[in-house]
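Subject: A structure for you to explore

Hi there,

Here is the structure I promised to pass on. Have a look at it first, then read on for what I found.

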Amino acid sequence: MKKNKASPKLPVADKTKNYSFFEDVWDVVRQVPKGRVTTYGAIARYLGAKSSARMVGWAMNASFAVSPKVPAQRVVNRNGMLSGKAHFATPTLMEDLLKEDGIEVKEDKILNFEAFFWDPANEIG
DNA sequence: AGTATGACTCATT
DNA sequence: AAATGAGCCATAC
């Protein structure tokens with residue numbers, strides 16, 4: 001891989017753009033209880049940007065650089081698949097963290113995903 | 001500045 | 001049912 005960027009520029013710090021969406025995403029993810037999971041689409045929909053699930057993914061990508069820490073492992077795609085595991089520090093970190101939360105993972109997929117699904121629109125608002 | 005890409009999802013074929 | 005197109009919009013090059 002190419003040399004690391006000096007610092008992952010935080011979109012939040014930019015003045016010309018309104019990045020409150022990112023902050024809202026992190027805030028929602030931080031509220032996901034241990035042992036539960038949610039999806040990109042659910043977060044996007046809760047924030048009123050139902051079609052911007054991709055931006056939620058970008059928010060997760062930036063979430064590693066923010067504090068307090070965001071439990072990004074609790075965010076998966078709508079199939080319960082660990083689509084973002086490749087972006088963690090190690091290929092197994094996401095899965096390991098989920099298992100620590102008490103969630104069973106088999107072949108990059110959450111078992112009985114619907115039972116653990118946590119919808120912010122349903123739980124927060 | 002224009003094109004390509006993506007931690008997504010839904011509609012259409 | 002599986003494949004494809006389209007919408008979304010911030011980053012990367």
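Two helices, H2 (40-46) and H3 (53-63), each contribute at least two residues to the surface near DNA strand B. Please keep in mind that this is a predicted model. Which helix has the largest share of that surface? It is H3, which provides 7 residues.

In total, 18 residues surround DNA strand B, and those that come nearest are Arg 54, Phe 64, Asn 77, Arg 78 and His 87. Of the strand's atoms within 4 Å of the protein, 47% belong to sugar and phosphate. Sorted by class, the surface near DNA strand B holds 8 nonpolar, 8 polar and 2 charged residues.

It is worth zooming in on some individual side chains here:

- Arg 54 has a polar side-chain atom 2.3 Å from a base nitrogen of DNA strand B.
- Tyr 40 places a side-chain N or O atom 2.9 Å from a base nitrogen of DNA strand B.
- His 87 has a polar side-chain atom 2.8 Å from a phosphate oxygen of DNA strand B.

Next, try the second largest pocket, whose volume is about 330 Å³. It is lined by 15 residues, and the closest to its centre are Tyr 40, Gly 57, Met 60, Gly 84 and His 87. You will recognise Tyr 40 and His 87 from the list above. Helix H3 turns up again too, since it gives the most to this lining, with 6 residues. By class, the lining has 9 nonpolar, 5 polar and 1 charged residues.

While you are looking at H3, find Ser 63, which is part of this helix. Is Ser 63 buried or exposed? Its relative accessible area is 3%, and buried means under 20%, so Ser 63 counts as buried. Apart from its neighbours within four places in sequence, Ser 63 is in contact with Trp 26, Val 70 and Ala 72.

Finally, zoom out to the whole of chain A. How many helices and strands does it have? There are 6 helices and 4 strands, and along the sequence they follow the pattern α-β-α-α-β-α-β-β-α-α. Chain A has 125 residues, and 39% of them are buried. If you take the contacts in chain A with a separation of 6 or more, 65% of them are between residues 24 or more positions apart.

Enjoy turning it around on your screen!

Best wishes

Notes. Residues numbered from 1 in each chain as written. Chains lettered and ligands numbered in written order. Predicted model: local features only at pLDDT ≥ 70, side-chain atom pairs only at ≥ 80, totals over all residues. Heavy atoms only, no water. Near = heavy atom within 4 Å. Polar contact = N/O pair within 3.5 Å; in protein donor to acceptor, adjacent residues only side chain to side chain. Nonpolar A, V, L, I, M, F, W, Y, C, P; charged D, E, K, R; others polar. Buried < 20%, exposed > 50% of the residue type's maximum accessible area, 1.4 Å probe, protein only. Contact = heavy atoms within 4.5 Å. 1 Å grid on protein atoms, 1.4 Å probe; cavity = no way out; pocket = protein on both sides within 12 Å on 5 of 7 lines; lining within 4 Å. Points joined across faces, edges and corners; volume = space filled by probe spheres on them.
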